[in-house]
Amino acid sequence: MYLGAHVSIAKSIALAPERGKSIGCEAIQIFTKNQRQWRAREIGGEEAKEFEENMKKNEIKEAVAHVSYLINLGSSNSELWKKSLESFMHETNRCDVLGIDHLVIHPGTNRDESEGIKRIAEGINRAIESSNVIIALETTAGQGNSIGHRFEQLSSIIELTDKKRVSVCFDTCHTYAAGYDIKESYEKVMEEFDSVIGMKHLSTIHLNDSKGSCGSHLDRHEHIGKGALGTETFRRLVNDKRLSKVPGILETPGGDEEFKKNLDTLKALRYSF
Ligand code: ZN
Ligand code: MN
Ligand code: MN
């Protein structure tokens, strides 16, 4: 697993790889714009070129992007859905400009599960037509009417799209809170993931310990080893050979100092082969 964290793009996106390197990242996740606004200025050619150069210079193996929190492709409100799609397409195109392969998105919310799944798939299909990026649907904790807390929901979305273009981001906190016990039954959950979705669709991991217990539906991240999942769960994850080429991104609280500590903790869990 390429270990990393979500890093800031303050001042310039091009600075993100260096920020990652300075805290020990082998992979990074970024927002490509302010995550609480719908629009953003275009990314300049110079900034994009510098970003790609800095990825190499700082030996960052992979950068993934995460979409804005405002987007809801599952929405039954057609105005919000259209606005979400527009913003989502804007983000897929930003990934193309930056040479980023994977874009993480929370699938969306809708009181009607099957309507939500159809709308999400339609939004994805429209967006990937005009972009090269691979979408990574994030597993959710199942709070409110969020879709993506059951592997079956993610697989239904993928079934309605161009399968080669849609993958899954497995968030350890969310998946556990959703009721998949990766602490007590790690192998069983991974086998279930493989049979329902398929391991080849697992493109990204979010490495977060969980404040909430299994099945709590609580989306509260905790530092590695300090939460309900505990150190042993992360030892399994970082040494899982099926995940050896997958970026594992921290989204734990507290900023860069804390990321560095969590990265050190994770690296110490690696077996040397
Ligand atoms: Zn997320
Ligand atoms: Mn996450
Ligand atoms: Mn979360």
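This passage walks through a run of paired strands, a group of aromatic rings and one buried serine in a predicted model. Local features need pLDDT of at least 70 and side-chain atom pairs count only at pLDDT 80 or more, while totals for chains, interfaces and linings use all residues. Side-chain values use heavy atoms, with hydrogens and water left out.

Strands and helices here are DSSP runs (E, at least two residues; H or I, at least four), numbered from the N terminus. Strand E2 (residues 27-30) is covered on both faces, with Ala27 and Gln29 on one side and Ile28 and Ile30 on the other all buried (under 20% relative accessible area, 1.4 Å probe, protein chains only). E2 pairs in the parallel sense with strand E1 (residues 2-6) over three bridges, where pairing requires at least two DSSP bridges. Within this pair, histidine 6 stands opposite glutamine 29. On the other hand, four bridges join E2 to strand E3 (residues 62-66), again parallel, and isoleucine 30 stands opposite alanine 65.

Turning to the aromatic rings, Phe151, Phe170, Tyr180 and Phe193 form one cluster; rings of Phe, Tyr and Trp (its six-membered ring) pair if their centres lie within 6.5 Å. Phenylalanine 151 and phenylalanine 170 are both buried.

Finally, serine 146 lies in strand E7 (residues 146-147) and is buried, with a relative accessible area of 9%. Its side chain makes a polar contact with the side chain of threonine 140 at 3.2 Å (a pair of N or O atoms within 3.5 Å, one able to donate a hydrogen and the other to accept it; residues adjacent in sequence count only if both atoms are side-chain atoms).

Methods:
Residues are numbered from 1 along each chain as its sequence is written. Chains are lettered from A and ligands numbered from 1 in the order in which they are written. Buried means under 20% relative accessible area, exposed over 50%, partly exposed in between (1.4 Å probe, protein chains only). Rings of Phe, Tyr and Trp (its six-membered ring) pair if their centres lie within 6.5 Å; planes under 30 degrees apart count as stacked, over 60 as edge-to-face and the rest as tilted.
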